[in-house]
Structure formats: C-alpha cells, structure tokens
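Me: I've got a model open and I'd like to learn how to read the empty spaces and packing in it. Could you walk me through it?

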Amino acid sequence: MSTRIAFLKGHGTENDFVIVPDPENAIDLPPAAVAALCDRRAGIGGDGLLHVVRSAAHPEARAMAADAEWFMDYRNGDGSVAEMCGNGVRVFARYLQRAGHVAEGDLTVATRGGVKTVHLAKNGDVTVGMGKALLPEAQVTVAVGERSWPARNVNMGNPHAVAFVDDLADAGDLYTPPPFTPASVYPDGVNVEFVVDRGPRHVALRVHERGSGETRSCGTGACAVAVAAARRDGADPAVTGTPATYTVDVPGGRLVITERADGEIEMTGPAVIVAEGEIDADWPAGALS
C-alpha cells in the first residue's frame, strides 16, 4: 500500500496555498515535489505551499520553539524557499484553528522572517503582526517594456520594489519578473508591486511575486505598499506619532494595513480553508524522476 499524504487547500484574498500538515517534519518536500503539488494543471494548484511543522522538529526553527510552537516552512510555487508570506501566515493560522491546535484569540507563528504574532477574530478576520519595515537607501528602477519607473525599496523580511504608476495596466502581463536596476540591489530577486491611488489612504496594486509570477494578493507586498505610500504622503508614524492605516485593494480582495508609531505593522484580512484530502506519496515523488 502506498503512503497517503494529507493536504488542504486555502487562500487569503485569493493568494492560494497547498497546506501539508507534518508536525514532526517527516515528509521530504524537495523543490520539484513542491512545484508539482503547486502546478495548476497537473497538481493541486497554488501560489505556494505551507508546510506545517512543529518548531522543535525543524532545524531552521528550533531556536524559535520557546516562542512559537508552530513553524511555517513556506515555499514558493516553483519550489524555492521564501522568508515570509503574509497571506500565508493568515491561512496557516486558520489551519491551526481548524485542526484544533489553537483557539480563537492570540497565537504566535515561527517563520524564516522571525516570530509573528497573530490574532484570530470572531468575525473571521485574521490580523498578523508583520514586524517593522526596513527602508534601504538604494535607488531602484523597475521596467515594463520600454517604460520604467522609480521604485521604493522596502524589506518586510523579504524584498519589495514598489512603483507608483498611472494605471495598473502599466504593469503588463507580469508573467515574467519585471527587470530592475541596479541588479546588485536584489541578488536573489524581488517582489515587484505596481500601485495606483484609489482615494485618501486607499490604494490598489498588482504584484509579481518572486518565484510565483503574478498572484491575486501578496500580504508582505500590501504592507510594503502601505509603508511606501505613507512615506510618499508624509504620513510616517515615527514622525507624526500617529498610526497610519491604508486600505490596500488587491486583485483577490482587500487588506487593511496599519503602521504604528513604534514601526510595527499589522495586516488584517480574511483566511479561508476550501478543501482537504489525500494524495499518494508516490505521485509528488515522481516529479523527481
């Protein structure tokens, strides 16, 4: 009999994920197997994969085990490892609640971007403490075809280049990574957000996520966009002493981002589990042959 692997499928503002519960870190998930699982035609389909592991059982998370029982071992849709995924953390927390590992209220989740605080609200929304943004001084330019724009360099535990444009169609098809210069600023690639204004402290974006292509939403990207917009608008909370809240529309829905005066950023939005089942362990293993 072949071994069966349990999986679930979930999304946060339509940023969708394959979820593989594996508390003791017993399942081997090499990049090719992850890519096979995330394939939208030959696999389950997802922008990424959430490998659910107890922090004490994973070598990258053991040092965080005292602060967070669970580690989000996040992978991009192409199988590459990523530091953080804001929408992924919300879906990860929703899975933990569904599985009975946590209850409504506050919890912590270990990620490669550090330990994140999460609040599961009664109304179904999930708020994630995303940490503080870093704003490297490097000047960046992103391009689509013959056009180019200056971009704000924002790091949310993963790198972002935020460009304000006149129309979201300016982003092109986003199938391939938009070129950026200088190349040395992002040696491992970058998430690129194209942003338009919708109203006072209300913006909309399209995003190319590193390793996944264009996605329906990007949580860290929405945070990076809110920070870049606040700096552009002269609403830096560290200067004004007042929190800055931005509504960020993504193709898959809406997120609300608040940057506090101490620099901590909170992201609030939905998280939904849509399906669960089992796969034959031999199937993703076949992707390696």
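**Reading the inside of the model**

Reply: Let's start with one residue: valine 227 has 1% relative accessibility, so it counts as buried. Keep in mind as we go that this is a predicted model.

Me: Why does 1% make valine 227 buried?

Reply: The cut-off for buried is under 20% relative accessible area. Valine 227, at 1%, therefore falls in that class.

Me: Where does valine 227 sit, and what is it in contact with once the neighbours within four places in sequence are left aside?

Reply: Valine 227 belongs to helix H3. Beyond those sequence neighbours, its contacts are Ala133, Leu135, Glu259 and Ile265. You can also check a C-alpha distance: 8.9 Å separates valine 227 from tyrosine 246, and the two are 19 residues apart along the chain.

Me: Now the empty spaces. What's the general idea?

Reply: You roll a probe the size of a water molecule over the atoms, and that shows where empty space is left. A cavity is space where the probe fits but cannot get out, whereas a pocket is open.

Me: How many cavities of 30 Å³ or more are there?

Reply: The count is 2. The largest cavity holds about 90 Å³ of space. It is lined by 14 residues, and Asn76, Met84, Asn158, Asn191 and Glu209 are the closest to its centre.

Me: What sort of residues make up that lining, and which elements supply at least two of them?

Reply: The lining of the largest cavity splits into 5 nonpolar, 7 polar and 2 charged residues. Strand S4 (70-76) and helix H3 (219-232) each supply at least two of its residues.

Me: And what volume does the second largest cavity have?

Reply: Its volume is about 30 Å³. Our valine 227 turns up again here: the lining consists of Ala226, Val227, Ala230, Ala244, Tyr246, Ile257, Thr258, Glu259 and Ile265. By class, that's 7 nonpolar, 1 polar and 1 charged. At least two lining residues come from each of H3, strand S15 (244-250) and strand S16 (253-259).

Me: What about the largest pocket: how much space lies in it, and which residues lie nearest its centre?

Reply: About 200 Å³ of space lies in the largest pocket. Of its 17 lining residues, look for Thr117, Val118, Val128, Gly129 and Glu266, which lie nearest the centre. Strands S5 (105-111), S6 (114-120), S7 (126-132) and S17 (264-269) each give the lining at least two residues. The classes come out as 6 nonpolar, 6 polar and 5 charged.

Me: Back to helix H3. Is threonine 220 buried or exposed?

Reply: Threonine 220 is in helix H3, and with 1% relative accessibility it counts as buried. Its side chain makes a polar contact of 3.2 Å with the side chain of asparagine 158. You've met Asn158 already, among the residues closest to the centre of the largest cavity. Not counting residues up to four places away in sequence, threonine 220 touches Met84, Cys85, Gly86, Met130, Met156, Asn158 and His160. The C-alpha atoms of threonine 220 and valine 154 are 9.9 Å apart, with their positions 66 residues apart along the chain.

Me: What does the side chain of threonine 215 reach?

Reply: Threonine 215 lies in strand S14 (residues 213-215), and its side chain reaches the backbone oxygen of serine 217 at 2.9 Å. At 2% relative accessibility, threonine 215 counts as buried too. Leaving out neighbours within four places in sequence, its contacts are Asn15, Asp47, Val207, Glu209 and Pro251.

Me: Last feature: how many aromatic pairs does the structure hold?

Reply: There are 3. In one of them, phenylalanine 17 and tyrosine 74 meet edge-to-face, at 6.0 Å centre to centre with 75 degrees between the planes. Phenylalanine 17 is in strand S2 (residues 15-21) and tyrosine 74 in strand S4, so the pair ties together parts 57 residues apart in sequence. Phenylalanine 17 and tyrosine 74 are both buried.

Another edge-to-face pair joins tryptophan 149 and phenylalanine 194, at 5.9 Å centre to centre and 80 degrees between the planes. This one links strand S9 (residues 147-155), home of tryptophan 149, with strand S12 (residues 191-199), home of phenylalanine 194; the two residues are 45 apart. Tryptophan 149 and phenylalanine 194 are both buried.

Key:
Residues numbered from 1 in each chain as written. Predicted model: local features only at pLDDT ≥ 70, side-chain atom pairs only at ≥ 80, totals over all residues. Heavy atoms only, no water. 1 Å grid on protein atoms, 1.4 Å probe; cavity = no way out; pocket = protein on both sides within 12 Å on 5 of 7 lines; lining within 4 Å. Points joined across faces, edges and corners; volume = space filled by probe spheres on them. Nonpolar A, V, L, I, M, F, W, Y, C, P; charged D, E, K, R; others polar. Buried < 20%, exposed > 50% of the residue type's maximum accessible area, 1.4 Å probe, protein only. Polar contact = N/O pair within 3.5 Å; in protein donor to acceptor, adjacent residues only side chain to side chain. Contact = heavy atoms within 4.5 Å. Phe/Tyr/Trp six-rings, centres within 6.5 Å; stacked < 30°, edge-to-face > 60°.
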